Amino acid sequence: MATFAELDALTTEELRDQAFDLAQERRDLGFFVDLAQHLPSAGDAEQGDDSLGDIGPQIDDYYNMWRELKGHDYGDLEPLIRARFIDYLMSPES
């Protein structure tokens, strides 16, 4: 297991890749759901009324959330997202 200092020295993209790989290995969907809920567009996606007439905008919102998860620009949230990646990488397997 890597130390905090070793993980903190990595780029955000490297942390993301390692955290995503670990979550996939653990089959931890909750990690991705938790992360998506903290991205700016997550609130937008939750505002839909779940009717079939509203499905187009919801799909767009979820697609945008996925792009943010895979993207390189987390904006002001980058320090928090980095901390989430590091915390996850340092956590023992559940």
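**Notes on the predicted model: salt bridges, core and ends**

1. Let's start with R84 and D34, which form a salt bridge whose closest N and O atoms are 2.8 Å apart. R84 sits in helix α6 and D34 in helix α3 (residues 29-37), so this pair ties together parts that are 50 residues apart in sequence. Bear in mind as you read on that this is a predicted model.

2. How exposed are the two partners? R84 is partly exposed, with a relative accessible area of 23%, and D34 counts as partly exposed too, at 24%. There is also a third residue to look at here: salt bridges that share partners join D34, R84 and D87 into one network.

3. How many salt bridges does the structure hold? There are four. Another one of them pairs D8 with R82, with 3.4 Å between the closest N and O atoms. Here D8 belongs to helix α1 (residues 4-8) and R82 to helix α6 (residues 78-90), so the bridge ties together parts that are 74 residues apart in sequence. As for cover, D8 is partly exposed at 37% relative accessible area, whereas R82 counts as buried at 15%. The cut-off for calling a residue buried is under 20%, so R82 falls on the buried side.

4. R16 and D17 make a salt bridge as well, and their closest N and O atoms are 3.1 Å apart. Is R16 buried or exposed? R16 is buried, with a relative accessible area of 5%. Its partner D17 is partly exposed, with a value of 37%.

5. Now for the inside. The largest nonpolar core has 15 residues, and F31 and F85 are the ones with the most contacts within it. Which elements give two or more residues to this core? They are α2 (12-26), α3 and α6.

6. F31 deserves a closer look. If you leave aside its neighbours within four places in sequence, F31 is in contact with A19, F20, A23, R84, F85 and Y88. So two names come up again: R84 is the salt-bridge partner of D34, and F85 is listed with F31 for the most contacts inside the core.

7. On to the rings. A search of the whole structure finds six aromatic pairs. One of them is F20 with F31, an edge-to-face pair with 6.3 Å centre to centre and 80° between the planes. F20 lies in helix α2 and F31 in helix α3, so the pair ties together parts that are eleven residues apart in sequence. Both of these residues, F20 and F31, are buried.

8. F20 has another ring partner. F20 and F32 form an edge-to-face pair, at 5.1 Å centre to centre and with 75° between the planes. This pair links distant parts of the chain, with F20 in helix α2 and F32 in helix α3, twelve residues apart. The relative accessible area of F20 is 8%, which is why F20 counts as buried. Which residues make up the aromatic cluster? F20, F31, F32, F85 and Y88 form one cluster.

9. Turning to the surface, M1, F4 and M90 form a nonpolar patch, with about 350 Å² of accessible area together. F4 is found in helix α1 and is partly exposed, with a relative accessible area of 47%.

10. A2 is worth a glance too. A2 is placed in the segment before α1 and counts as partly exposed at 30% relative accessibility. Not counting residues up to four places away in sequence, A2 touches L7 and M90; M90 is also one of the residues in the surface patch. How far apart in space are A2 and I86? Their C-alpha atoms are 9.6 Å apart, although the two residues are 84 residues apart in sequence.

11. Last, Y74. Where does Y74 lie? Y74 is in the loop between α5 (55-70) and α6. At 8% relative accessibility, Y74 counts as buried. Y74 and T12 are 62 residues apart in sequence, and 9.4 Å separates them in space, C-alpha to C-alpha.

Terms used
Residues numbered from 1 in each chain as written. Predicted model: local features only at pLDDT ≥ 70, side-chain atom pairs only at ≥ 80, totals over all residues. Heavy atoms only, no water. Salt bridge = Lys/Arg side-chain N within 4 Å of Asp/Glu carboxyl O. Helix = DSSP H or I, 4+ residues; strand = E, 2+ residues; numbered from the N terminus. Buried < 20%, exposed > 50% of the residue type's maximum accessible area, 1.4 Å probe, protein only. Patch = residues over 30% accessible without salt bridge, like charges linked within 9 Å, V, L, I, M, F, W, Y side chains within 5 Å. Areas by Shrake-Rupley, 256 points an atom, 1.4 Å probe, with all protein chains shown as cover. Core = buried A, V, L, I, M, F, W, Y, C linked by side-chain atoms within 4.5 Å. Contact = heavy atoms within 4.5 Å. Phe/Tyr/Trp six-rings, centres within 6.5 Å; stacked < 30°, edge-to-face > 60°.
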